[in-house]
Amino acid sequence: MGFYLNPSDKGFWKSVRSEIYVDKTGLIACTNKVINTEEQYICVSRPRRFGKSMALKMLAAYYSRGCASADLFKGFQIERDATFREHLNQYNVIFLNMQQFMVQAAHGQEIDYLEQEVVEELLEEYGALLNGQKRGLAATLRKIYAKTEKQFIFLIDEWDCVMRERQEAETMQKQYLDFLRDLLKDQPYVALAYMTGILPVKKYGQHSALNMFWEYSMTDPFDYEAYTGFTENEVSGLCERYGMDFAQISNWYDGYQFRQFRHVYNPRSVVAAMKSHVLSNYWTSTETYEALKIYIDMDFDGLRSDIVQMLGGARIRINTFSFQNDMRNLQTKDDVLTLLVHLGYLGYDAESREAFIPNKEILGEFENAMSVNGWANVMQILKASEQLLEDTLQGNAERVARALDKAHTQAASILTYNDENSLSCAIGLAYYSARKEYRLIRELPTGKGYADIVFLPLPCVNKPALVVELKYHKTAHAAIQQIKDRQYTQALEGYTGELIMVGINYDKDRTDKPHSCVIERYRKPAGAL
């Protein structure tokens, strides 16, 4: 049992002994399935604090010949899997945290230091087989395998730290990729290689040394969806256990969407909220807002408009395929937005290929990033949004119209009203503060059409729901009439309180007062469907 070679199961032991542990051992069945197959090279990329390191500790505890871990997995999902006993503690495991070598080694000596450290442990264990001769890491492993026919499983954490922290050192990056390729690709001693990082593996410039890896990322995690974060059922169970309001937790931390699991939560934030019973920005507090600001301030045509539209609740279609999977070679706004998806600042729907701001926690981080320089007009709109909501709730249509006129003037340099969809984005931005107490739904299906914007109050909020209908070059009264004619209010199943209908029209030919507004109250009859 060593630090790199066949580590102990203490890391996973600590995890399962923690106050909150969510069973993700089903991941082991996925990795068992690909051992010694063409799919044995796995790169799983996730944002920081999404449980990547914990998963590696679990895999090390399960596979390592230095452990006897059957009791540690008792009662968990993997124990019921047919492959559980077949692979349990059957492999030599090499566990590498690349961040450690980056910190401890002299600049430019990271690879040499890594090889030295790991080979020394191998010599301690297999010195007799190696005749005490010191070789490179790959050569040493080949010699051990030739003598023992025992394969190795490689678990590599923070695999991409070289690309993230040495962004300018392209020569070093290529040397590092060549090292990983020579260590892992087509080597008979490799049974499985499982790497984690923030960035997926593809290529850097013209260099694609690691093309043997299968990628499971935030843009498409495939079979690993359930292990990307906490699922809706898992969070619901935690809310029941800790007496937390599920709707509030969802508003704060839900929002990451995949093909099968449409509601995936930030694990770190959910755990912190459960333990403290306080809803706050936990995930984003581990890094300053400046990290996000660097990217949203980049001068790519249309980037600012897309950010503002997403602040207003819109989804933006992006092309994720041009992204080179690094943090330096950003050529288009799509590259920037794709990077923000991998960093966790944006959610991504692979089916519609749309990016969006996932939840209240991340909304706050965008607001923090825009509060310093360059976004003054947008910040003025956000600050005015609380008064706009209050005027709406009080039925003051004239003040609402004037506020929308002002917001339009402030946003004119970034947003352009071309149609009802762009108007919807602008209105969503103007009502930004409503998302603190409401759930915003754009294009809510009603059976007789789609309501443009619906604000549903959270269960703990004693405020009426809002149904907002938008018109472009028509009248606000026509918008109200459409709400009534198409019975949009009936779409709010389970809501029996007061509703407010808001009709808004935009007439670009009226430069003095382009917005008009009509507000009516509607009380849904008790017992109505």
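## Exercises on a predicted model

Ala451 belongs to strand E12, which spans residues 450-457. The model is predicted, and the exercises below work through its burial, cores, cavities, pockets and salt bridges.

**Exercise 1. State whether Ala451 is buried or exposed, and list what Ala451 is in contact with beyond four places in sequence.**

Step 1. The relative accessible area of Ala451 is 0%. Buried means under 20%, so Ala451 is buried.

Step 2. With neighbours within four places in sequence left aside, the contacts of Ala451 are Arg442, Glu443, Leu444, Thr446, Val467, Glu469 and Tyr488.

Step 3. Thr511 is 60 residues from Ala451 along the chain, and the C-alpha atoms of the two are separated by 27 Å.

**Exercise 2. Locate Thr320 and decide whether Thr320 counts as buried or exposed.**

Step 1. Thr320 sits in the loop that runs between strand E8 (316-317) and helix H15 (333-343).

Step 2. Its relative accessibility is 11%. Because this is under the 20% cut-off, Thr320 counts as buried.

Step 3. Thr219, Thr338 and Tyr348 are in contact with Thr320, leaving aside neighbours within four places in sequence.

**Exercise 3. Describe the largest nonpolar core and find which helix gives the largest share of this core.**

Step 1. The largest nonpolar core has 78 residues. Ile296, Leu311, Leu340, Leu346, Phe366 and Phe455 are those with the most contacts inside it.

Step 2. Helix H17 (residues 376-393) provides the largest share of this core, seven residues.

Step 3. Apart from this core lies another, of 42 residues, with Leu96, Met102, Leu130 and Met172 among them.

Step 4. Take Leu311 from step 1. Not counting residues up to four places away in sequence, Leu311 touches Ile357, Leu363, Phe366, Met370, Val378, Leu429, Tyr432 and Arg435.

**Exercise 4. Count the cavities of 30 Å³ or more, and give the lining of each by class.**

Step 1. The count is two cavities of 30 Å³ or more.

Step 2. The largest cavity has a volume of about 60 Å³. Its lining consists of Met98, Phe101, Met102, Glu110, Ile111, Leu114, Val162, Met172, Tyr176 and Phe179.

Step 3. At least two residues of this lining come from each of helix H5 (98-104), helix H6 (110-130) and helix H9 (170-184). By class, the lining of the largest cavity has nine nonpolar residues, no polar and one charged.

Step 4. The second largest cavity holds about 50 Å³ of space, and is lined by Ile381, Leu404, Ala407, His408, Ala411, Tyr417, Ala426, Ile427, Leu429 and Ala430. Helix H18 (397-411) and helix H19 (420-430) are the elements that give two or more residues to this lining.

Step 5. The lining of the second largest cavity divides into nine nonpolar, one polar and no charged residues.

**Exercise 5. Find which element gives the most to the lining of the largest pocket, and which to the lining of the second largest pocket.**

Step 1. The volume of the largest pocket is about 1,200 Å³. It is lined by 48 residues, of which Arg48, Arg49, Phe50, Gly51 and Lys52 are the closest to its centre.

Step 2. H3 gives the most to this lining, six residues. The lining of the largest pocket has 24 nonpolar, 10 polar and 14 charged residues.

Step 3. The second largest pocket has a volume of about 1,000 Å³. Among its 37 lining residues, Asn251, Pro358, Arg439, Leu440 and Ile441 are the closest to its centre.

Step 4. For the second largest pocket E11 gives the most, with six residues. By class, this lining has 19 nonpolar, eight polar and 10 charged residues.

**Exercise 6. Give the number of salt bridges, and work out which partner is buried in the pair of Arg164 and Glu158.**

Step 1. The count comes to 24 salt bridges.

Step 2. Arg164 and Glu158 form a salt bridge in which the closest N and O atoms are 2.5 Å apart. Glu158, Asp160 and Arg164 are linked in a network of salt bridges.

Step 3. Arg164 has a relative accessible area of 15% and is therefore buried, whereas Glu158, at 21%, is partly exposed.

Step 4. Apply the same reading to Asp297 and Lys293, whose side chains meet in a salt bridge at 2.6 Å, N to O. Asp297 is partly exposed at 28%, and Lys293 counts as buried at 13%.

How values were computed
Residues numbered from 1 in each chain as written. Predicted model: local features only at pLDDT ≥ 70, side-chain atom pairs only at ≥ 80, totals over all residues. Heavy atoms only, no water. Core = buried A, V, L, I, M, F, W, Y, C linked by side-chain atoms within 4.5 Å. Buried < 20%, exposed > 50% of the residue type's maximum accessible area, 1.4 Å probe, protein only. Helix = DSSP H or I, 4+ residues; strand = E, 2+ residues; numbered from the N terminus. Contact = heavy atoms within 4.5 Å. 1 Å grid on protein atoms, 1.4 Å probe; cavity = no way out; pocket = protein on both sides within 12 Å on 5 of 7 lines; lining within 4 Å. Points joined across faces, edges and corners; volume = space filled by probe spheres on them. Nonpolar A, V, L, I, M, F, W, Y, C, P; charged D, E, K, R; others polar. Salt bridge = Lys/Arg side-chain N within 4 Å of Asp/Glu carboxyl O.
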